[in-house]
Amino acid sequence: MSSTSSVSFLDDDSQRELDDLNKRINALQERKHALTFEAFQVHTTIRTLQSRAAHITNKTAPVSRLPSDVLAIIFEESRRPLIPWSNIVKRPLSPEVQLSHVSSRWREVALSTPALWTTIRFPILHKEAAAMAYLQRCNQAPLHVHIGPRISDPDSLRFIAAQFVSRLNQIRELTFDTDERQELCALFPLFADAPASTLRRLKICCNDTRGASGVVPRLDIFKAGAPLLSDIRLSALTVGLPQCSATTLHLEPQPGPGNPLSRLAFLDILAPLSATLTILHLKGFISGFHQEPGSAPVELPALKELLVYGNTLNHGFNVFRNISTPAITTLSLVNVRRQGLSSIHKFITRTSPEHFQHLRTLRYINCDIDDDLDVYLPHATSALTELAVSVKHHTHILRLLLNSDRQAALHGVPPLWRNLHTLTLHVSKPLDREREDVDSDEEDDPPPTMGLLLEVVQERRAVGRPLDLLRIEGPHARSFYEEFTTLLVKTHEELHTELFSASLPSSIDVQDSEMDWAFVAYYIGNQYRLFMFKKHQQFAPHGTPAIHPRGLPVMAYPSTHAQVP
């Protein structure tokens, strides 16, 4: 039975009582609403008074007495450390956003500092709304833009075209970070014909480790030119670079050994930069055997620094048959196999003194060096002032140096590498504690490598060419450094030593060096990939097969595809 029908049968007394109850209920509800509103006003007033009290109290803090311009400088410096992403649920807030949420004054200072809002990472850290806010707050300041990965959908491409391509003359540093070649193929046409008049740094990274099928098309970018472009970092891809006067070119390891860059494609990239290039780092995989009949190596007359990884040589590429470096001062060889290193040594000794007469620094890091290394190499590099070798890998070079110094002392002639003043030891593994003579009664005998190094130091002093600096670097450098400096004290040897540990802490300031700018993009991109991989592992339904996190950081590629756990 409905309430309406039941009310129609009430007598007069009941009806009057019901009406009275409804009036009292309505009055109480009105009072409740009034009290709720009053409580809200009281709460708001309390918060306002608390905020004012905190504002007055904060004025007594030393940081509150800092002028706004000094506070802005501190804010800019606080953006430098790189912190690992620890939360697998959501991405971290950028430092500038966190700073703007501390207090009203900090927010005012942060929003009035355009330099805080010049780095945009779309869509890793900044979605469309956040990117738009950054573009408004940067106030026409030069931009650092990181695009990708996962930007091949139409909405992302439209946003990139509308907001970034249109501001290309404001962009100073640009990174393309992709996991698939199709992403680059979708991105490059947007930037193909646009001029980049203020662009100084360009990084193009593709982590697509799948073998390319058919002929990989050449991707051209900034065909209208980029006159100020000076620093280029490329994955091993066929890319048509703009007209520029670049001084630095890095060929990165990506996309890996299954997708080597052809020799001709590499030379096509290199040739337009040949007149101005001063730094060339070859870490990527290049295919091709020697030079084509009748072809000449690309001459790099201004090149001062050359770094070659073993990756570059694993597919038959011969560096010095394809490039000529008459003015080179620094040569670094990393993870180079015996055959490739032997070929380089033969070229150096054969072309002396026309080439390498200006070589001042020679670095061997984890290379396979022949036992029969002879004195022709020191003769061909007589101007050398710094030598770097890896502990336990390159004792042959230290023995060659020691024996040549002993011969010089015996015959009263100047030693080989007479200008050598700095010796660098790279310690990539813990030192072997075993002694050469296990039956020795001398408990204080140093390990074999340290004993050899001490002899080198003493013999250099004996021939009148003492070392000025011994630098010890690498992830296990500290223990070696501490033990060897103790040994120097025991033997009363005076030598300036320097420690440089290459191990990275959880937070590292890498932006102090202009040469390390690309590591920031590499680090953030791989933190994002690791974040997405962990998020999938955490929230995927039970029994769902794990996806392979394509593009996770792999610094050195083996001969086969690396599998990330």
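Where in the chain is the place of Asn322? Here are some notes on this predicted model, starting with that residue.

1. **Asn322 and its partner.** Asn322 sits in the loop between H10 and strand S14 (323–324). Although it belongs to a loop, Asn322 is buried, with a relative accessible area of 1%. Its side chain makes a polar contact with the side chain of Arg263, at 2.4 Å. If you are checking side-chain placement, this pair can be found by going straight to Asn322 and Arg263.

2. **The overall picture.** The chain has 565 residues, of which 44% count as buried. Its secondary structure comprises 16 helices and 20 strands. Among contacts between residues at least 6 apart in sequence, 77% join residues at least 24 apart. The exposed surface comes to about 29,500 Å², and carbon and sulfur atoms supply 53% of that.

3. **Confidence.** The mean pLDDT of the chain is 83, with 85% of residues reaching 70 or more. Strand S10 (residues 279–282) has the highest confidence, at 96, while helix H1 (residues 3–7) has the lowest, at a mean of 48. Two stretches also deserve a mention here. Over residues 503–515 the pLDDT is below 50, and beyond near neighbours in sequence this stretch has 26 contacts in the model. Residues 546–565 are likewise below 50, and that stretch has 44 contacts beyond near neighbours in sequence.

4. **Leu10, between H1 and H2.** Leu10 lies in the loop that separates H1 from H2. At 34% relative accessibility, Leu10 counts as partly exposed, because the partly exposed class runs between 20% and 50%. Leaving aside residues up to four places away in sequence, Leu10 touches Gln15 and Leu18.

5. **A salt bridge within one helix.** The whole structure holds 15 salt bridges, and a few of them are described in this note. One of them joins the side chains of Asp13 and Arg16, with N to O at 2.1 Å. Why can these two side chains meet? Asp13 and Arg16 are three residues apart in helix H2 (residues 12–58), so about one helical turn separates them. In general, an α-helix has 3.6 residues a turn, so residues three or four places apart point the same way. Both ends of this bridge are exposed: Asp13 has a relative accessible area of 54%, and Arg16 has 51%.

6. **A buried bridge across the sequence.** The side chains of Arg529 and Asp177 meet in a salt bridge at 2.7 Å, N to O. This pair links distant parts of the chain, with Arg529 in helix H16 (residues 517–539) and Asp177 in strand S3 (residues 171–178), 352 residues apart. Are Arg529 and Asp177 buried or exposed? Both are buried.

7. **A strand-to-strand bridge.** Arg363 forms a salt bridge with Glu473, and the closest N and O atoms are 2.6 Å apart. Here, too, distant parts of the chain are linked: Arg363 is in strand S16 (residues 361–365) and Glu473 in strand S19 (residues 469–473), 110 residues apart. Arg363 counts as buried at 19% relative accessibility, because the cut-off for buried is under 20%. Glu473 is buried as well, at 10%. Returning to the previous point, salt bridges that share partners join Asp177, Asp179 and Arg529 into one network.

8. **Helix H11.** H11 (residues 338–351) has 14 residues and reaches 20 Å from its first C-alpha to its last, close to the 20 Å expected at 1.5 Å a residue. Its buried residues include Leu341, Ile344, Phe347 and Ile348, along with the polar-named pair Ser342 and His345. What do the buried residues of H11 pack against? Their neighbours are helix H10 (310–313), strand S15 (330–334), S16 and helix H12 (376–380). S16 is also the strand that carries Arg363.

9. **Helix H14.** H14 (residues 448–462) has 15 residues and spans 21 Å from first C-alpha to last, close to the 21 Å expected at 1.5 Å a residue. Among its buried residues are Met450, Leu452, Leu453, Val456 and Val457, and also Glu459 and Arg460. The buried residues of H14 pack against helix H13 (395–411), strand S18 (422–426), S19 and helix H15 (477–490). S19 is the strand that holds Glu473. Just after H14, Gly464 takes a positive phi of about 80°.

Notes
Residues numbered from 1 in each chain as written. Heavy atoms only, no water. Salt bridge = Lys/Arg side-chain N within 4 Å of Asp/Glu carboxyl O. Helix = DSSP H or I, 4+ residues; strand = E, 2+ residues; numbered from the N terminus. Buried < 20%, exposed > 50% of the residue type's maximum accessible area, 1.4 Å probe, protein only. Contact = heavy atoms within 4.5 Å. Areas by Shrake-Rupley, 256 points an atom, 1.4 Å probe, with all protein chains shown as cover. Expected span 1.5 Å × (residues − 1). pLDDT = per-residue confidence, 0-100. Polar contact = N/O pair within 3.5 Å; in protein donor to acceptor, adjacent residues only side chain to side chain.
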